[in-house]
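This report looks at aromatic side chains, their ring pairs and their exposure to solvent. The sequence and structure are shown first.

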Amino acid sequence: EYNTYYIKALPIAPIASPSKESILAVLNPKETDTIFFVADGEGGHNFSISYEQHKENIKKYKEVLNSKNESK
């Protein structure tokens, strides 16, 4: 474990190592109209093709977060 909060230098090894599947996904992206995404607050994501839809998804996400905070 390399903690950069305590050790003031670059890590001695890569911070992350993407999987073969991740690299292939970047090199061969799916054809889609989706251009926006935001978390859904439940571990998934909501996707949209317009900024207006995206803003609605953000609003829904904030509502989920607020309801979770109120139930604590």
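## Aromatic pairs and a nonpolar patch

Tyrosine 51 counts as partly exposed, at 49% relative accessibility, in what is a predicted model. A search of the whole structure finds two aromatic pairs, and tyrosine 51 forms one of these with phenylalanine 36, in a tilted arrangement with 5.9 Å centre to centre and 50° between the planes. Because phenylalanine 36 lies in strand E1 (residues 36-39) and tyrosine 51 in helix H2 (residues 51-70), this pair ties together parts that are 15 residues apart in sequence. Phenylalanine 36 is itself partly exposed, with a relative accessible area of 22%.

The other pair joins phenylalanine 37 and phenylalanine 47, whose ring centres are 6.2 Å apart with the planes at 35°, so that this pair is also tilted; a pair counts as tilted when the angle is neither under 30 degrees nor over 60. Phenylalanine 37 lies in strand E1 and phenylalanine 47 in strand E2 (residues 45-48), so the parts tied together here are 10 residues apart in sequence.

The relative accessible areas of the two residues in this second pair are set out below.

| Residue | Relative accessible area | Class |
|---|---|---|
| Phenylalanine 37 | 55% | exposed |
| Phenylalanine 47 | 53% | exposed |

A further aromatic residue, tyrosine 5, is placed in the segment before helix H1 (20-27), and tyrosine 5 is exposed, with a relative accessible area of 70%. Together with Tyr6 and Ile7, Tyr5 makes a nonpolar surface patch of about 440 Å².

Notes. Residues are numbered from 1 along each chain as its sequence is written. This is a predicted model: local features need pLDDT of at least 70, side-chain atom pairs count only at pLDDT 80 or more; totals for chains, interfaces and linings use all residues. Side-chain values use heavy atoms; hydrogens and water are left out. Patches are made of residues with over 30% relative accessible area and no salt bridge: like charges are joined within 9 Å, nonpolar side chains (Val, Leu, Ile, Met, Phe, Trp, Tyr) within 5 Å. Accessible areas come from the Shrake-Rupley method with a 1.4 Å probe; for residues, only the protein chains shown count as cover. A salt bridge is a side-chain nitrogen of Lys or Arg within 4 Å of a carboxyl oxygen of Asp or Glu. Helices (H or I, at least four residues) and strands (E, at least two) are DSSP runs, numbered from the N terminus. Buried means under 20% relative accessible area, exposed over 50%, partly exposed in between (1.4 Å probe, protein chains only). Rings of Phe, Tyr and Trp (its six-membered ring) pair if their centres lie within 6.5 Å; planes under 30 degrees apart count as stacked, over 60 as edge-to-face and the rest as tilted.
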